[in-house]
Amino acid sequence: MATVELRFSALPEHVRTARLVAAAVARRAGVDEAVLDEVRLAVGEACTRAVGLHLSNGVDAPVRVALTEEEKKFSIEIGDESPTSAALAPGATGGEEEPEGEDEMGLAVIKGLVDDVEVTTSETGGVIRMSWPTSPDSLVP
């Protein structure tokens, strides 16, 4: 299991870099070429959400991105350290309030793009986990 970890300051201009890195690592892991745009868009939405939460709550910690290549799937985790993220995902651990505004739209977009997505939250932040299947014959050497 190979993992690439990325941490970046919670600034909107770094979201593009995270998207590009995620697409490159996904391609190398064997994610189908037709799905790479979905990976890029989903990572962009999740990172934009994390950056927004950090900025609106005065969190100085970096946004965390972990890209993991497993035997038959490629997974991405995007983590924030915003204590208010617990209220943003209905049915997620720690929160019961409905999401509002851009967060609601961002989560809806992610769930529309990714079949395997999980949003968890707590008092110390939240994590969006997404995964896509890989095919061994499409691995980049």
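I take helices and strands here as DSSP runs, strands needing at least two residues, numbered from the N terminus. With that settled, I note that this is a predicted model, and that E118 is found in strand 4, which covers residues 116-122.

**Entry: E118**

I looked up how far E118 is covered, and at 41% relative accessibility E118 counts as partly exposed, because that class lies between the cut-offs of 20% and 50%. Leaving out residues up to four places away in sequence, I find that E118 touches V127, I128 and R129. I also checked E118 against E77: the two are 41 residues apart in sequence, and their C-alpha atoms are 9.4 Å apart in space.

**Entry: the chain as a whole**

I went through the elements from the N terminus and wrote them down as β-α-α-β-β-α-β-β, which gives three helices and five strands. The chain has 141 residues, of which 44% count as buried. For its accessible surface I have about 7,600 Å², with 51% of this belonging to carbon and sulfur atoms. Taking contacts between residues at least 6 apart in sequence, I note that 67% join residues at least 24 apart.

**Entry: the sheet**

I traced the five strands into an open sheet with the order 1-2-3-5-4 and antiparallel pairing. Strand 1 and strand 4 stand at the edges with a single partner strand each, so one side of each has no neighbour in the sheet. Neighbouring strands are turned against each other by 15° on average, with direction ignored.

For strand 4, I looked up the pairing with strand 5 and found seven bridges, the two strands running antiparallel; V117 has M130 of strand 5 as its bridge partner. Two helices were then checked against the sheet. Helix 1 packs on it and touches strand 1, strand 2 and strand 3, with a direction that makes about 160° with that of strand 3. Helix 2 also packs on the sheet, touching strand 1, strand 2, strand 3 and strand 5, and its direction makes about 15° with that of strand 3.

**Entry: strand 2 and T68**

I turned next to strand 2, where T68 has its place. At 11% relative accessibility T68 counts as buried, because the cut-off for buried is under 20%. The side chain of T68 is joined to that of T3 by a polar contact of 3.4 Å. Five of the seven residues of strand 2 are buried, so this strand is largely enclosed by the rest of the structure.

On its pairing, I note that seven bridges join strand 2 to strand 1 in an antiparallel run, with V63 of strand 2 as the bridge partner of F8. Strand 2 also pairs with strand 3, again antiparallel, over six bridges, and here L67 stands opposite I76. A hairpin of three residues joins strand 2 to strand 3.

**Entry: the nonpolar core**

I looked for the largest nonpolar core and found 32 residues in it, those with the most contacts inside it being V43, F74, I76, I78, M130 and W132. Strand 1, helix 1, helix 2, strand 2, strand 3, helix 3 and strand 5 each supply at least two residues of this core. Helix 2 (36-56) gives the most, with eight residues.

I followed I76 further: leaving out residues up to four places away in sequence, I76 touches, among others, A22, V39, V43, L67, I128, M130 and W132.

Conventions:
Residues numbered from 1 in each chain as written. Predicted model: local features only at pLDDT ≥ 70, side-chain atom pairs only at ≥ 80, totals over all residues. Heavy atoms only, no water. Helix = DSSP H or I, 4+ residues; strand = E, 2+ residues; numbered from the N terminus. Buried < 20%, exposed > 50% of the residue type's maximum accessible area, 1.4 Å probe, protein only. Contact = heavy atoms within 4.5 Å. Areas by Shrake-Rupley, 256 points an atom, 1.4 Å probe, with all protein chains shown as cover. Core = buried A, V, L, I, M, F, W, Y, C linked by side-chain atoms within 4.5 Å. Pairing = 2+ DSSP bridges. Axes fitted to C-alpha atoms, helices over the stretch in contact; angles between N-to-C directions. Polar contact = N/O pair within 3.5 Å; in protein donor to acceptor, adjacent residues only side chain to side chain.
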